Amino acid sequence: MSCQTDHPSVSRPGADWIIRDAVPDLDAAACTEIYGPYVRDTSVSFEEAVPSVEEFEGRIRKTMATHPWLVMEVDGRVVGYAYATQHRPRAAYRWTAEVTVYVDGRHHRAGVGRRLYTELLGRLRRQGFRLAVAGITLPNPGSVGLHEAMGFEPIGVYKRIGWKAGAWHDVGWWQLDLQPGTTAAPAEPLPPMD
Ligand SMILES: CC(C)(COP(=O)(O)OP(=O)(O)OC[C@H]1O[C@@H](n2cnc3c(N)ncnc32)[C@H](O)[C@@H]1OP(=O)(O)O)[C@@H](O)C(=O)NCCC(=O)NCCS
């Protein structure tokens with residue numbers, strides 16, 4: 001099973017909900033804590049071992065050199081994060097951002113994912129990225145629901161592409177045109193910005 005059981009939300013949007021850039025050394029522990037259960041107990045992530053806080057801090061730092069990494073705080077606690085990376089390393093892919101979001105199970109279905117993605121996708125547009133893509137281990141109705149709610153369209157499915165927890169898993173791909181109607185040659189993506 002690759003999706004989580006949704007828990008009743010414990011908070012509703014208000015002035016105490018803040019989205020901000022991650023601060024690698026301050027936020028790595030909270031992000032690792034949110035991510036850990038999805039590594040340990042599900043196939044949402046294809047990692048097999050929960051990364052250390054130090055490893056996670058390095059990932060945040062490396063990502064933020066080129067792409068946004070955002071966290072959402074509710075009542076001063078980080079309850080979710082979202083970030084983007086270059087989809088694949090070859091040069092021609094550099095206008096395509098692969099996006100990811102993880103929300104603490106106690107805060108599901110309260111609008112955290114939607115808010116994080118709204119801010120993330122806005123920033124990617126302002127940086128000049130053309131396309132956002134997301135790979136989702138299936139089934140995952142929460143993630144499919146969020147991506148489609150944000151306007152992503154399904155593209156196709158890699159069948160049995162990952163082996164985890166004693167089973168093969170499919171990964172579906174979704175994409176969103178970040179600059180609809182723009183087909184001209186792109187300018188270089190700008191550095192991360194607010
Ligand atoms: C996927 C995930 C990030 C969604 O975050 P969230 O904060 O719970 O989502 P939101 O409350 O912002 O929901 C926004 C919209 O997404 C859709 N959605 C969210 N959860 C859904 C679910 N379980 N089933 C169907 N649609 C869902 C709905 O359209 C929802 O809008 P609505 O509540 O007004 O109907 C969250 O479930 C999660 O962290 N899951 C585990 C990690 C994961 O799968 N990450 C994605 C990796 S690809």
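**Polar contacts, ligand shell and salt bridges**

A polar atom of the Thr137 side chain lies 3.5 Å from the backbone oxygen of Val44. The backbone oxygen of Ser43 is also a partner: 2.9 Å separates it from a polar atom of the Thr137 side chain. These values come from a predicted model. Thr137 sits in strand β5. The residue is classed as buried because its relative accessibility is 5%, and the cut-off for buried is under 20%.

The ligand site was examined next. The ligand is surrounded by 22 residues. Val101, Arg109, Gly113, Arg114 and Asn140 are the closest of them. By residue type, the shell holds eleven nonpolar, eight polar and three charged members. Four secondary-structure elements each supply at least two shell residues: β4 (96–103), α3 (112–127), β5 (131–137) and α4 (141–149). Helix α4 gives the most, with six residues. Strand β5, which contributes to this shell, is the strand that holds Thr137.

Backbone atoms of the protein approach the oxygen atoms of the ligand. For Val103, a backbone N or O atom lies 2.9 Å from a ligand oxygen. For Arg109, a polar backbone atom is 2.7 Å from an oxygen atom of the ligand. For Arg114, the distance from a backbone N or O atom to a ligand oxygen is 2.7 Å. The ligand taken alone exposes 910 Å², and the protein buries 81% of that area.

A nonpolar patch was found on the surface. Phe46, Tyr158 and Ile161 form this patch, and together they have about 300 Å² of accessible area. Phe46 belongs to the loop between α1 (24–41) and α2 (53–64). Its relative accessible area is 36%, so Phe46 counts as partly exposed. That value also passes the patch criterion of over 30%.

Salt bridges were then counted, and the total is eleven. One of them joins the side chains of Arg59 and Glu55, with an N to O distance of 2.7 Å. Both residues lie in helix α2; because they are four residues apart, about one helical turn separates Arg59 from Glu55. Both ends are partly exposed. Arg59 has a relative accessible area of 27%, and Glu55 has a relative accessibility of 39%.

A second salt bridge pairs the side chains of Glu119 and Arg123 at 2.9 Å, N to O. Its partners are in helix α3, four residues apart, or about one turn of the helix. Here the two ends fall into separate classes. Glu119 is partly exposed, at 26% relative accessible area, whereas Arg123 is buried, at 6% relative accessibility.

A further salt bridge connects the side chains of Asp170 and Lys159, with 3.9 Å from N to O. This pair links distant parts of the chain, with Asp170 in strand β7 (residues 167–177) and Lys159 in strand β6 (residues 153–164), eleven residues apart. Asp170 is partly exposed, at 22% relative accessibility. Lys159 is exposed, since its relative accessible area is 52% and the exposed class begins at over 50%. Elsewhere, salt bridges with shared partners join Asp21, Glu119, Arg123 and Asp194 into one network. The α3 pair of Glu119 and Arg123 is thus part of a network that also includes Asp21 and Asp194.

How values were computed. Residues are numbered from 1 along each chain as its sequence is written. This is a predicted model: local features need pLDDT of at least 70, side-chain atom pairs count only at pLDDT 80 or more; totals for chains, interfaces and linings use all residues. Side-chain values use heavy atoms; hydrogens and water are left out. A residue is near a molecule or strand if one of its heavy atoms lies within 4 Å of it. A polar contact is a pair of N or O atoms within 3.5 Å; within protein, one must be able to donate a hydrogen and the other to accept it, and residues adjacent in sequence count only if both atoms are side-chain atoms. Accessible areas come from the Shrake-Rupley method with a 1.4 Å probe; for residues, only the protein chains shown count as cover. Ala, Val, Leu, Ile, Met, Phe, Trp, Tyr, Cys and Pro count as nonpolar, Asp, Glu, Lys and Arg as charged, and the others, Gly among them, as polar. Patches are made of residues with over 30% relative accessible area and no salt bridge: like charges are joined within 9 Å, nonpolar side chains (Val, Leu, Ile, Met, Phe, Trp, Tyr) within 5 Å. A salt bridge is a side-chain nitrogen of Lys or Arg within 4 Å of a carboxyl oxygen of Asp or Glu. Buried means under 20% relative accessible area, exposed over 50%, partly exposed in between (1.4 Å probe, protein chains only).
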